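Got your viewer open? Grab the mouse and let's take a walk through this one together, stop by stop.

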Amino acid sequence: MFQNLSRNSLLSRGRLIVALLLLGLSAFAQNIAVKGTVTSASDNGSLPGINIVVKNTLTGTSTDADGKFEINAPSNGTLVFSGIGYVTQEVAVNGRATIDIKLAADTKQLEEVVVVGYGTQKRNSMTNSVSQISGEAITKRPVSNIQQSMQGLMPGVTVLDQGGSPGKSNTNIRVRGITTFNINGSSTSGYDLGKNDALVIVDGIEQRLSDINPDDIESVSVLKDASSTAIYGSRATNGVILVTTKRAKGGKVQVDYNGYYAIQKSNNVPKMMGIEAYMREQVAAYTNAGLPVPARFTEESIQAYVNATDREKYPMPNTWFETMLRSAPQQNHTISVAGGTDVIRTRLSARFQDQQGVIAGYSNKIGEFRLNTDYTVSKRLRVSGDINYRYARALNPTVNNTGNNPQPLNNFFHGTLWAVPKYADGTYGLSTQGNNPLMFNEIGGQSRQVTDYLAGYVKAEFDIAEGLTFSTQIAGRGTFTNQKNYTNSYTNTDKNTNITKTVAINSLTEVRNTLREYTINNLLTYEKSFGSHGLKALVGYSQIGNTQTFLSAYRERFYNNDIGSIGQGANDGTKSNSGNDAEYGLRSYFGRVNYDYKEKYLFEANGRYDGSSKFTGPKQYSFFPSFSAGWRISKENFWQGLEKTVNDLKLRGSWGITGNQSVDLYSYYSALTSLGYSFGGTPVQGYRPTTLANTNLGWESTTQLDLGIDATFLNKRLTLTADYYRKLTDDILLNLDIPATIGLKAPPQNAGSVENKGWEFSLNYRGAASASGFRYTLGGNLSINENKVVDLKGTGPYITGSDIDPRYIIAKGLPINTLWGYQTDGLFQTQQEITEYKATYAANTKPGDVKYVDRNGDKKINADDMTAIGNSFPKYTFGLNGDFSYKGFDLSILFQGAAKVDARLAGALAEMGNQEGFTHEIYTNDYWTPDNTGARFPRPVKFDLRNVATSDRLVIDGSYLRLKNVQLAYNIPAEIVSKLRVSRIRVYTSATNLLTFSKLNKWNLDPEVPSGRAVYFPQTALYTFGLNLSF
Amino acid sequence: MKTNTFKHTIYAGIAVLALGLASCDSGLLETVPNDRLSEDLFWKTENDAKLAVNSLYTDLDSTTAVTWDGITDLAHTNQSFNVAAYIEAGSYDATSSVIYDEWKRAYRGIRGVNYFLENVDKVPSTNTALISQLKGEAKALRAYHYLKLAGLFGPVPLVTSSISIDEGRTLVNTPVEEIWNFVEKELTEAAALLPTTYGAADKGRFTKGAALGLLARADLYAGRYQKAADAADQVIKLGVYGLYDSYEKLYSYAAENNKEVLLDKQYLKDVYQNNVFNLLAPYSQKNAQSTYVPTKALVDTYETLEGKKITDPSSGYDPAKPYANRDPRLKFSVFLEGDALPSGITFQPRPTSTTADAIGSTYIASTTGFNIKKYINTEDFANPTNSGIDIILLRYAEVLLIYAEAKIELGQADATVLAAINQVRNGRTDVKLPSVTATTQAALRDIVRRERTVELAFEGQRLYDIRRWKIGEQVMNGPVFGITYPDATGKLVTVQAASSDRVFDAGRHYLWPMPQKERDLNPNLKQNPNW
């Protein structure tokens, strides 16, 4: 399918665009000048932003902030006035030089239209729980991805922004909690939750949110309850995010430029203890452990280090954060051209983004364009076609960049003490472990990932009869990734210590990954009113075919580090390659019926019948139904007296079943694994089964109940939406542990149930414009989610982690990935207390050691004493936003936060200098000594784990409230703008993550961090200057 | 009219296109992977049977055979947060991942054999010699796993067929004597099916000698001394095995497949490699990990050149020169201060040395000041995680010592016993200790045990020996010590490894616990005493 989109068709598209542009320019014929003012028919207020087009041409303009316009038009022509929320009006020029008109409000259009699965619905008649935000809200905040811009705006949508290097951001969106998990995929941040990602549909095709230019987005809808998502059947359990891209509205050619330049700064800059305090703490740690104090920490040496000016000879213990973090620029520019006639409308946009990392060596560049075209072929036939191409190139240092402890970030904290970052002569210092993150970054080799992304579709809509429409869409997308990871060979000797780091062999790993997918959607829709009865129906067919290939090759010993093409490496036994293929298909039949009586009683039913190649036999197909109903009480006669106060009130409820097919391919397939061996120096092949096959595999299914209320008050200025939901996910696909005596790896099985229940509230107030022109809107939302594992089919609990890394548990009755460990009861203060308590973690417990709670009273501290000590996913998330405008100024503010969430510190942050890592300044003079018995932290004991086992002491409340974004914008007055032959100039400046209130501030950690060693790429604060231009 | 026709054509075209595309992919949901081999295609040729057996060898122990001593008194788990350190210290429980992994690996290997034996007869083959040999290999490999399980856990479930999940949930413990009976039976059968030697291309496959040697080891562990002695005697009488000339070179590439090796895990650089160098070499060797390091307890066990214990006042042992005039196997097995390391530098482990190997310079450097030398070959220095050295799992010297020990325990200490021991003590060109002449059972027992300890150091036998000899309380309690060196004032100080006090509970530590996870999934599985 996809291969058919040949270069030729792209070229001919290109010619078409050029032709369109020329057409637009040539339409500026010599005519008379017409001026005027557009006002509102209801309150005579001036109307800015109204489009005025000379009928049947591409000539057009729009009104300025005062409702004024000026246009050249033929004296016998007709002007078309149109604007969102107003009835379009046509006025003949008749040779007049001034035309003042009034536009009437369009009550129909005022009703908000919401994008839902395979269509749109009016907000008033909806019976589902759907949040929607506009593209304008998305681009208000300069972000590098859309997920970030969705944060704090929608109830029920939890966005966890956990940093990430440029181009590889780590942002998760969870719609109404976590429904499933993988128990075979654990990491330092708990069991793998990757199967909880919402389904993202862009213009009818499954894509990723990172695949779209935020400036191309018209709206984003998040479908949350089963009744809105069931139409996506087997992929819908985690919610569905529908993205609609901007299309040309017709009329005059509109050129927009939106760009910003920003400076990024790291939010995470942990501060190291002062040198003297640190060295004395080390003396205490060695002494407490009964070890000889090394020469570096004698009194004489401490004085030498403290007073030294020559930091090459007497280096500071850890300066990596200061050395490696920098302010880095980020810029983004989008220019779009949109316009068209009754027959053809098109919007073309192009974007360039360049994001440099706050650590040198990391960067990402994106270049892309999108062309959305609509043809009205006849009154009954509409055809559209979109194409989107993107090129992205991400760079990063190669050194151990993957895994749980990515270098060089890991080295900011661990294994790098006392190394001079770089000597004046250009050589590097090395820690005793041979590490230096600056050296790794600068000479260790670079990885380069280039991704080409191409997506497009053609679609036709045909009106068969009144109200009956058939549409068909054929789409393709492809992702082509090419990765080259170079490891340089080098030798560096620390000139002070003679410690040498040698990477003897340079190497190159080259990876090619391709993904191709096609989608076909066929829809038949019917819409008709019969007196008081309204009916809408839809039936559809869809199929998706997906193939992926992976190829990787390795060679080493290149002539030098600059010769880096795979064919240039040693052609011997060290070269290797590997690859695999995968494909899957999905075939679906679905339908929906909406019925209303007098727009008062509303009903909706959905169903989808999905078949997936991931399953076999009778489990291959499954049916996902949903039902919902609404009652607009405010439409009842008895409400008449109340409607002044409560303008609109709707109660709604829904129930339905959705699925999740996130299971590895071919899990039902009994296959032999290749396991090679060698005999007498000769490689031999071997085969045998390693995983049990499960042919009885089926979908995960989620049954969801939703009860909601929508109400508007105060002349529709105040709107309230509230929802209660209960989601029960059954038959979770788990690689449940099986007895190891079986001797094979566990296959996925349908087992286990998880419940999510919660509340969502959203309140918005649109203030009336004051006489002086001051306007404002205020909004707030709150989500409460309670997650609980209900059943594990008698298995578990599943515990991952250790005493030195966060421990997580998945157990019946607890939320998924609950932090697990010891409870503590302060510090032992006297030897007598220890003797009486008996239960100690380690032999030779001394005053100043942590007192772990012996929960089962067996006088031993062991795994049986562990309990739940924290919540890794927030129970409460909330957002507060305000928009204020006065004359040409706009100010918008967004607060956002989470509560009932915890972070477990690990690694150097937790071990208080006991191993060989960074030691946070928070420990300064706050560790137990006989003279400081009230200290927060226990006594340090070198190379000893007794006081840093996973316990509630290391769990920090991660609740936070932060000023996520402030933006101040100014619209340049129309008089100046018009002189520049521009219709709008808006300049803005904004800052993200400006203020944060959180207990993690003291640790200099961003509150959105995952638990663990904090070795992720830092989160950033952005300071931006931006410009919007319209022509 | 014309336009209408045109339009109709378009509509029809769209309809055809939409429907046509929808139906063209009829196999959409029946994807068949081509990146894996279906079970249905297998078991068609004799070669399939061979391929199936090849895969079974991957379950043999690899570097664990070396590192098991890291949880005994002979070596120390260098980093306190390594899960093995909890076992060494005696603070582990049934949730230990080390224990579970060992259990899991053994049963994985057993499943592979069971699966093979159930399917091999499907292969249409007239080459009965080959099929017999393959069956013999498989049976011997299964016995290898049960030998290990019985030694580590005692009464484990005996699984001899491919079992389902439900069957796995209802297994019960098999008395350990029955496991030993099974191991005996299988190895006896295997020995009858297997050839004495192989051609060059099949070196590394189980031989008759390897099956008999393993039988001798199993019977020794089981305390069935007569059978152990008989099996060892059969190996000796095969006449194809003997000691390799050099103990020093026994663990080098040059010695691979030599006449002393009965069974090994075979490796091949770049193709099927291990990481023994990176795992064990001193830290100065390209940041190698020193994961397990020798202890003073082991080093002190080596006799002097004159064959005396260092505690013997007449031995001439000089604490100031502790490594001079010692059993040469000490310097062949342990990196000692002053040794040349693969990189060419000198090993300087004293805390005051400013090298990367200085005790305390980093938590990776050896905390005892010793490093394991066996299998650390200079050839591997260039790429420390890519070693091709074969790891020996059973060798002739052990067979000799099994023979001697079994006969001593039987009270049949005759000249053949002394000959066996003395062959190990001075049958090579580079190990020439005086022959022993003791005659009492107690004296001979002491000698053969010391001989096993030093001869087989870091070869995975000590864990079982402690259990058989019931010496855990003596050797696995208290702190771990390392090198002795003169401090600034000239006073001799002995290094003590940080936070590594061991506790051995005789009530339970002679067996590992059945893994907790396994008991959670199978309530019928009984826990070992006092766990």
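Helices here are DSSP runs of H or I with at least four residues, while strands are runs of E with at least two. With that in hand, select chain B: you'll find 19 helices and nine strands. Keep in mind as we go that this is a predicted model.

**Stop 1: chain B**

Turn chain B around and picture a box about its C-alpha atoms, roughly 120 × 55 × 50 Å along the principal axes. Of its 531 residues, 57% are buried. Switch on the surface and you're looking at about 19800 Å² for chain B, with 54% supplied by carbon and sulfur atoms. Now colour by charge. Chain B has 57 positive and 63 negative charges, and the mean positions of these two sets are 0 Å apart. As for contacts in chain B between residues at least 6 apart in sequence, 70% link residues at least 24 apart.

**Stop 2: chain A**

Next, select chain A. How many helices and strands does it have? The count is twelve helices and 56 strands. Its C-alpha atoms fill a box of roughly 100 × 70 × 65 Å. A compact globule of 1031 residues would have a radius of gyration near 31 Å, so the 32 Å of chain A agrees with that. Buried residues account for 56% of chain A. Try the charge colouring here too: there are 104 positive and 91 negative side chains, and the centres of the two sets are 4 Å apart.

**Stop 3: A:Gln473**

Zoom in on strand S25, residues 468-487 of chain A, and pick out A:Gln473. Is this residue buried or exposed? Buried means under 20% relative accessible area. A:Gln473 has 6%, so it counts as buried. Show its side chain and follow it to the backbone oxygen of A:Asp203, at 2.9 Å. A:Asp203 is one of the residues in contact with A:Gln473, and others on that list include A:Tyr457, A:Thr519 and A:Asn522. Then try your distance tool: from the C-alpha atom of A:Gln473 to that of A:Tyr609, 136 residues away along the chain, you should get 19 Å.

**Stop 4: A:Ser701**

Last stop: jump to strand S38, residues 700-713 of chain A, where A:Ser701 sits. A:Ser701 counts as buried because its relative accessibility is 18%. Select what it touches beyond four places in sequence: A:Ile657, A:Thr658 and A:Gly659, plus A:Leu728, A:Thr729 and A:Asp730.

How values were computed. Residues are numbered from 1 along each chain as its sequence is written. Chains are lettered from A and ligands numbered from 1 in the order in which they are written. This is a predicted model: local features need pLDDT of at least 70, side-chain atom pairs count only at pLDDT 80 or more; totals for chains, interfaces and linings use all residues. Side-chain values use heavy atoms; hydrogens and water are left out. The radius of gyration is taken over C-alpha atoms; the globule rule is 2.2 Å times the number of residues to the power 0.38. Buried means under 20% relative accessible area, exposed over 50%, partly exposed in between (1.4 Å probe, protein chains only). Lys and Arg count as positive and Asp and Glu as negative; His and the chain ends are not counted. The place of a charge is taken as NZ of Lys, CZ of Arg, CG of Asp or CD of Glu. Contact means heavy atoms within 4.5 Å. A polar contact is a pair of N or O atoms within 3.5 Å; within protein, one must be able to donate a hydrogen and the other to accept it, and residues adjacent in sequence count only if both atoms are side-chain atoms. Accessible areas come from the Shrake-Rupley method with a 1.4 Å probe; for residues, only the protein chains shown count as cover.
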